[in-house]
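User: I'm new to this structure and would love a close look at a single part of it. Could you walk me through the surroundings of the ligand, and then a helix or two for context?

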Amino acid sequence: MPDTWQELEAKYFLRTGGRRLKVTVERGQGAYVWDTEGKRYLDFVGGWAVTSLGHCHPALVEAITQQAQKLFIASNDLYTIPQVQLAEWLVTHSVLDRVFFSNSGAEANEGAIKLAKKYGKLKKNGAFEFITALQSFHGRTLTTTAATGHPEYHVTYTPLPPGFKLVPYNDIEAIKQATTEQTVAIMLEPVQGEGGVNVPAPDYLKQVRAWCDQNGLLLILDEVQTGAGRLGTLWGYESFGVEPDIMTLAKGMGGGIPVAALTAKEHCAVFTPGDHGTTYGGNPLATAGALAVLSYLVEHDIPANAARLGEYLRGKLRDLGAKHPFITEVRGMGLLNAVQFDRDISMDVVNRCIEEGFLVNPVSPSALRLMPPLNITTAEADEAVDKLDRALSKVGAAATA
Ligand SMILES: Cc1ncc(COP(=O)(O)O)c(C=O)c1O
């Protein structure tokens, strides 16, 4: 029986993405979601690396329920309490000094790019160019599309805002060669998420940091996907031993609540009143939710769980490689991981996983990405591997039939 919601979606929505997982989810709890038929799925997509504490975590539900009874919104002409508390929390738990709240990762990055451009005008003779990486993903606004290292996303929207030079990721020489008098900042993900879970060499970001220091460039780390514990440290930059000048956050910091942050060190916090703004950014409901999520993450040492379970999961997934020879690589850090195949079977595998009650992301035609909650248990990791194993067996059997 066709799903009515899916038919209605096809009728009413602009055709932007195409929902590849043909499941209509109705509720979630912890690492699980349930569809409209009541079928349960272990959810290793998590809203695309958003559900850092799983679905509907009691700490988050409690915080937004309390806040919803007090105040949802106030204009940013007024002071509100949760946004100041969250800003203080972010500053005291990171190397960044100042915060601007927005509603999505793209918006936070847009703000970061504006901040760096102003810095270029004031402190670098009008330098305005950014070096970003191929395979990167920074968002879907026009400027963050220009920053994103997927030229196929650019073609429909040319001419795009100028000033973005794309270089291969994990290649310090390429950055050096692309740097000119006009360069103001280098913008990178500590680990590329949408690009297929690309973990750079351990010293890559250190080399980039040193190059920025030698040339007076800003290092912008887009931690929309890697921040808030995903890589096994609270912030991704800690995993690589560097400090960014500007860091952007979204996804996991809200655990499901739309909230994002642009954070900057004092030396480049050059915005003055009127330079930037937003109606909803920093609203009390979202910031109360994010404060609850981040506080819980730290108080319960959840990043350490992500590091431990990530290691465990990669080990188990590598064991699967012995049984399913079309697995060529398991890569990742913390609980941001990918399984690479030697052929374009990821959609087949995803569909078999759905049959098994397991949601996983086809990050490329030949790779799966796993982004479970950061507080998953060993039993949930085992369940994921068992379900994937069964799905892979079915795909393997079909391929040889
Ligand atoms: C690294 C990174 N930056 C930015 C974004 C865009 O975030 P949003 O979809 O919240 O605008 C994403 C989304 O996947 C991301 O992974």
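Analyst: Here is a walk around the ligand, followed by two helices.

A word on the basis: this is a predicted model, in which local features need pLDDT of at least 70 and side-chain atom pairs count only at pLDDT 80 or more, while totals for chains, interfaces and linings use all residues. Residues are numbered from 1 along each chain as its sequence is written, and side-chain values use heavy atoms, with hydrogens and water left out.

Let's begin with the ligand. It is surrounded by 13 residues, counted when one of their heavy atoms lies within 4 Å of it. The closest are Gly105, Ala106, Asp222, Gln225 and Lys251. By type, the shell divides into three nonpolar, six polar and four charged residues; here Ala, Val, Leu, Ile, Met, Phe, Trp, Tyr, Cys and Pro count as nonpolar, Asp, Glu, Lys and Arg as charged, and the others, Gly among them, as polar. Helix 5 (residues 105–123) gives the largest share of the shell, three residues. Helices here are DSSP runs (H or I, at least four residues), numbered from the N terminus.

Now for some individual atom pairs. An oxygen atom of the ligand lies 2.8 Å from a backbone N or O atom of Gly105. A polar backbone atom of Phe137 is 3.2 Å from a nitrogen atom of the ligand. In the side chain of Glu194, an N or O atom is 3.4 Å from an oxygen atom of the ligand. The protein buries 82% of the 390 Å² that the ligand exposes when taken alone, with areas from the Shrake-Rupley method and a 1.4 Å probe.

Next comes helix 4 (residues 81–92), where Ile81 has its place. Pro82, Gln83, Leu86, Trp89 and Leu90 are its buried residues (buried means under 20% relative accessible area, exposed over 50%, with a 1.4 Å probe and protein chains only). They cover an arc of only 125 degrees around the axis, which puts them on the same side of helix 4; the arc is that of the directions from the helix axis to the C-beta atoms. The face turned away from that buried side carries the exposed residues Ile81, Glu88 and Thr92. For Ile81, the relative accessible area is 62%.

Helix 9 (residues 204–215) can be read in a similar way. Its residues Tyr204, Leu205, Val208, Arg209, Trp211 and Cys212 are buried. Seen down the axis of helix 9, these buried residues fall within an arc of 165 degrees, so they line one face. On the other side, Asp213 and Gln214 are exposed.

Conventions:
A polar contact is a pair of N or O atoms within 3.5 Å; within protein, one must be able to donate a hydrogen and the other to accept it, and residues adjacent in sequence count only if both atoms are side-chain atoms. Helices (H or I, at least four residues) and strands (E, at least two) are DSSP runs, numbered from the N terminus. The expected span of a helix is 1.5 Å times one less than its number of residues.
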